[in-house]
Amino acid sequence: MKYFILIILGAMAIFSVVFASQNASDITVNLLTWEIKSSLALVLIATLMTGVAIGVFAALSNLFRQSIQVRQLQKEIKLLEKQRAEQEKTLKKNRSAAKLVLGQRDAQA
């Protein structure tokens, strides 16, 4: 697996060099009042990195929301387990009382 990752990274590096050399022409990017002159390859790579950053932030916000939900559900599970244990104790007491009552009734009969 380690070699596979190295091969992929090497292929991406070679692809990046070829891409940058074939797209070295200068372009002008206008945004509102800004005017930026740069190579096409740099503009495309910057655009790609901006998209990746936006995607990472979106994924992190979703992950953060899910971790909050998991913590809330874990608290709810603990509460329900505590309630279940209390109900089991009550059930055992009631069964013992019922056996005692039934035993007394059988003794009287």
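Two strands count as paired if DSSP finds at least two bridges between them. I keep that rule at the top of the page, since the strands come up again and again below. I also note that I am working from a predicted model.

**Entry: the overall layout**

I began with the list of elements. The chain has two helices and two strands. Reading from the N terminus, I get the order α-β-β-α. I then looked up how spread out the chain is. Its radius of gyration is 34 Å, while the globule rule gives 13 Å for 109 residues, so the chain is more spread out than a compact globule. The C-alpha trace spans about 105 × 45 × 15 Å along its principal axes.

Next I checked burial. How many of the 109 residues count as buried? I found 4%. The accessible surface of the chain comes to about 10,200 Å². Carbon and sulfur atoms account for 67% of that surface.

**Entry: helix 1 and its patch**

Helix 1 covers residues 2-22, and Ile 8 lies in it. Buried or exposed, or something in between, for Ile 8? I wrote down partly exposed, because its relative accessibility is 37%, which falls between the 20% and 50% cut-offs.

Ile 8 also belongs to a nonpolar patch on the surface. I listed the members: Met 1, Tyr 3, Phe 4, Ile 5, Leu 6, Ile 7, Ile 8, Leu 9 and Met 12. Together they have about 1,000 Å² of accessible area.

**Entry: the hairpin**

Now back to the rule I started with. In which sense do strand 1 and strand 2 pair? They pair in the antiparallel sense, over six bridges. They form a hairpin with two residues between them. Strand 1 takes in residues 26-31 and strand 2 residues 34-39.

I looked up two of the facing pairs. Asn 30 of the hairpin stands opposite Glu 35 in strand 2. Asp 26 stands opposite Ser 39 in strand 2.

Leu 32 sits in the loop between the two strands. Its phi is positive, about 55°, although Leu 32 is not a glycine. I jotted down the background next to it: most residues other than glycine have a negative phi. Leu 32 also counts as exposed, because its relative accessibility is 84% and the cut-off for exposed is over 50%.

**Entry: buried or open along the strands**

How many of the six residues of strand 1 are buried? The number is zero, so strand 1 lies largely in the open.

For strand 2 I checked Ser 38 and Ser 39. Ser 38 is in strand 2 and counts as buried, because its relative accessibility is 18%, under the 20% cut-off. Leaving out residues up to four places away in sequence, Ser 38 touches Ser 25, Asp 26, Ile 27 and Val 43.

Ser 39 is also found in strand 2. I have Ser 39 down as buried too, because its relative accessibility is 15%. Which residues is Ser 39 in contact with, beyond its neighbours within four places in sequence? My list reads Asn 23, Ala 24, Ser 25, Asp 26 and Ile 27. Asp 26 in that list is the residue I had already noted as standing opposite Ser 39.

**Entry: helix 2 and a salt bridge**

Helix 2 runs over residues 40-108. I searched the structure for salt bridges and found one. Which residue does Glu 88 form a salt bridge with? The partner is Arg 84, and the closest N and O atoms are 3.2 Å apart. Glu 88 and Arg 84 are four residues apart in helix 2, so about one helical turn separates them. I checked their exposure as well: Glu 88 is partly exposed, at 37% relative accessible area, and Arg 84 is exposed, at 53%.

**Entry: Lys 93**

Lys 93 has its place in helix 2. I noted Lys 93 as exposed, because its relative accessibility is 60%. Then I looked up a long span in the model: the C-alpha atoms of Lys 93 and Phe 19 are separated by 77 Å. Along the chain, Lys 93 and Phe 19 are 74 residues apart.

Conventions: Residues numbered from 1 in each chain as written. Predicted model: local features only at pLDDT ≥ 70, side-chain atom pairs only at ≥ 80, totals over all residues. Heavy atoms only, no water. Buried < 20%, exposed > 50% of the residue type's maximum accessible area, 1.4 Å probe, protein only. Patch = residues over 30% accessible without salt bridge, like charges linked within 9 Å, V, L, I, M, F, W, Y side chains within 5 Å. Areas by Shrake-Rupley, 256 points an atom, 1.4 Å probe, with all protein chains shown as cover. Salt bridge = Lys/Arg side-chain N within 4 Å of Asp/Glu carboxyl O. Contact = heavy atoms within 4.5 Å. Rg over C-alpha atoms; globule rule 2.2 N^0.38 Å.
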